[in-house]
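Student: I'm new to this one. Could you take me through chain B, one close look at a time?

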Amino acid sequence: MTISSAAFSILIMCALALVVAAPLILLTLLVRDWRSKNLW
Amino acid sequence: MNAVNSAILDASTGWLVLAGFSVLWIFLGWYWGRNSDELDDYVLAGRRVGMALGTATAMATWVTSNTTMAAPQIALQMGVWGMLGYSLGAVGLLMFAPLAARIRRLMPGGYTSGDFVRLRYGKTAWRVFLLISLCYSLGWLVSMGMAGGVLINALTGIPYHYGMTVILVICVGYTLLGGFRAVIGTDFIQALLILSGLLLIAFLAIDKVGIDAIHAAALEERPELMNLLMPAAIMFLFNNLLFGVGEIFHSNVWWSRAFSFREGVGKKAYLLAGVLWAPIPIVAGFVALAVPALDLNVPAADMVGPMVAAKVLGTTGAVLVLIMVFSALSSSLDSLLAATSILVVEDIYRRHLKPDASSAQLRRATGWIIVGLGVLTWLLCAPRITTLAELLYFTGAFVASTIWPIAAGLFLRNASTMGAIAGMVLGSAAGLYSYFAIGFYVAALVGAAVSLVCVVLGMLLQPANFEWVNLSESRPEKEGQAA
């Protein structure tokens with residue numbers, strides 16, 4: 001049994017979407033911590 | 001190893017990139033660590049790390065040679081399940097989240113995972129644990145040192161030994177100068193570089209070849225890669241899950257972060273890091289699956305990642321890839337150097353050799369140990385005796401045997417010393433046997449299963465009644481004064 005092209009595409013696109021979101025989330029958190037003086 | 005003919009960056013460009021980033025990391029290490037004179041500041045960043053840096057350091061540290069080198073290699077060997085199996089490494093981060101909160105609460109003055117095992121199970125279990133943990137740390141350090149050499153060689157043609165030496169010297173340099181602040185500060189920048197580089201390669205692979213074409217070519221030339229019922233790959237999936245959990249549960253790399261995070265941050269930071277890390281091996285593995293579509297001839301399995309990147313990106317893009325993988329390796333090497341050095345200093349130097357050591361003495365010893373670990377790693381990397389994945393999974397037999405002693409010890413009063421020791425010793429032995437008798441993809445699975453049986457039997461046959469307050473200890477200054 002092999003993975004279908006559609007399922008493979010969905011898997012890769014979902015993973016890519018999360019990888020795109022990751023730096024945005026990290027930078028948002030950085031600004032929030034910086035403002036509240038909770039960086040370290 | 002000789003420089004590969006397929007290197008698409010010339011060596012001088014490679015040296016320029018390495019020099020530029022080396023200067024940057026060293027400067028940041030010095031800048032962030034210039035006021036870290038106290039032990040807690042140097043080894044745990046003052047125990048006040050916030051959510052952003054906490055999440056990024058957990059994530060970047062877990063993106064290691066695994067992601068840049070071994071994940072593509074595994075994907076090319078085991079296909080879709082290989083990618084997903086690697087992605088399950090995130091479960092370790094997710095499951096460690098509640099443990100991180102509990103560690104911080106129960107051991108507000110703790111330094112290492114060894115501290116916990118010593119206080120929870122006594123000295124025999126502690127020494128067994130130290131042996132496992134130090135073997136694992138060394139295995140991980142060596143796998144990353146080797147990854148540095150292999151990767152730089154594949155991308156630039158710079159000989160393996162030169163590349164490996166550069167990455168070790170730089171990581172030792174900035175970790176030594178800046179301590180844990182340098183580690184987590186650079187981890188944040190490195191996390192952004194890794195994510196950007198990975199996205200670039202993946203999008204260019206899609207742009208040049210397309211997801212459907214990659215799927216179709218793999219199905220035609222290597223149909224086993226798209227097989228959802230590949231037995232070895234399915235075992236690998238569960239094995240990798242347990243391997244990841246074992247690595248994170250026992251390793252001082254993750255415990256030192258739990259100690260360093262501000263109150264209330266640990267659980268959230270590890271959860272978010274797990275969610276954000278999970279897709280990274282899938283994307284990295286996907287890149288490797290482009291090999292059949294790109295008609296690439298991969299000379300060694302652990303070169304597949306950089307070779308695909310070089311093929312789809314060309315010269316200019318390859319510079320970005322070099323930066324990305326340099327960051328991935330640095331972010332793990334620095335963390336491991338910092339965490340292993342405090343493990344050696346606290347659990348061997350202070351607890352075995354110099355129990356009345358002052359904070360200042362421990363601070364100085366940490367620096368020397370960082371340098372010593374760098375030298376030892378270089379010596380073990382030099383012969384390049386095995387492939388990255390083989391080396392990495394060899395340690396799976398050891399680390400998976402620590403999962404249940406650690407988890408039960410943190411949450412269950414009746415987890416016993418006998419069960420913990422038997423779990424670690426017999427679990428490691430069984431895992432090692434299965435590694436050689438069956439394959440690398442079952443070592444962690446067998447080790448964890450045997451360890452679980454031992455821990456449960458220990459609770460039934462010789463239950464303990466541990467008082468959690470016994471996990472709280474005074475810090476070195478007070479002990480030094482008392483002596």
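Tutor: Here's a walk through some helices of chain B and then its contact with chain A. Keep in mind that this is a predicted model.

Let's start with α5(B), residues 90–106, and α11(B), residues 252–260, whose axes come within 8 Å and cross at roughly 55 degrees. An angle like that is neither under 35 degrees nor in the 65 to 115 range, so α5(B) counts as oblique to α11(B). As for the hand of it, the crossing of α5(B) past α11(B) is right-handed.

Now zoom in on the residues. On the α5(B) side you'll find F96(B), A100(B), I103(B) and R104(B), and they meet W254(B), W255(B), A258(B) and F259(B) from α11(B). Sorted by class, that contact has 7 nonpolar residues, 1 charged and no polar ones.

Next along is α10(B), which covers residues 231–250. Its 20 residues reach 29 Å from first C-alpha to last, close to the 28 Å expected at 1.5 Å a residue. Of those 20 residues, 15 are buried, so α10(B) is largely enclosed by the rest of the structure.

Finally, look over at the other chain. The contact takes 35 residues from chain B and 23 from chain A. On the chain B side, the elements giving two or more residues are α3 (51–62), α8 (160–208), α9 (211–221) and α13 (279–289). Of these, α8(B) gives the most, with 8 residues. By class, the side of chain B that touches chain A has 25 nonpolar, 6 polar and 4 charged residues.

Key
Residues numbered from 1 in each chain as written. Chains lettered and ligands numbered in written order. Predicted model: local features only at pLDDT ≥ 70, side-chain atom pairs only at ≥ 80, totals over all residues. Helix = DSSP H or I, 4+ residues; strand = E, 2+ residues; numbered from the N terminus. Expected span 1.5 Å × (residues − 1). Buried ≥ 20, exposed ≤ 12 C-beta atoms within 10 Å, placed from the backbone. Contact = placed C-beta atoms within 7 Å. Nonpolar A, V, L, I, M, F, W, Y, C, P; charged D, E, K, R; others polar. Axes fitted to C-alpha atoms, helices over the stretch in contact; angles between N-to-C directions. Parallel < 35°, antiparallel > 145°, perpendicular 65-115°, else oblique. Left-handed = near helix turned anticlockwise from the far one by under 90°.
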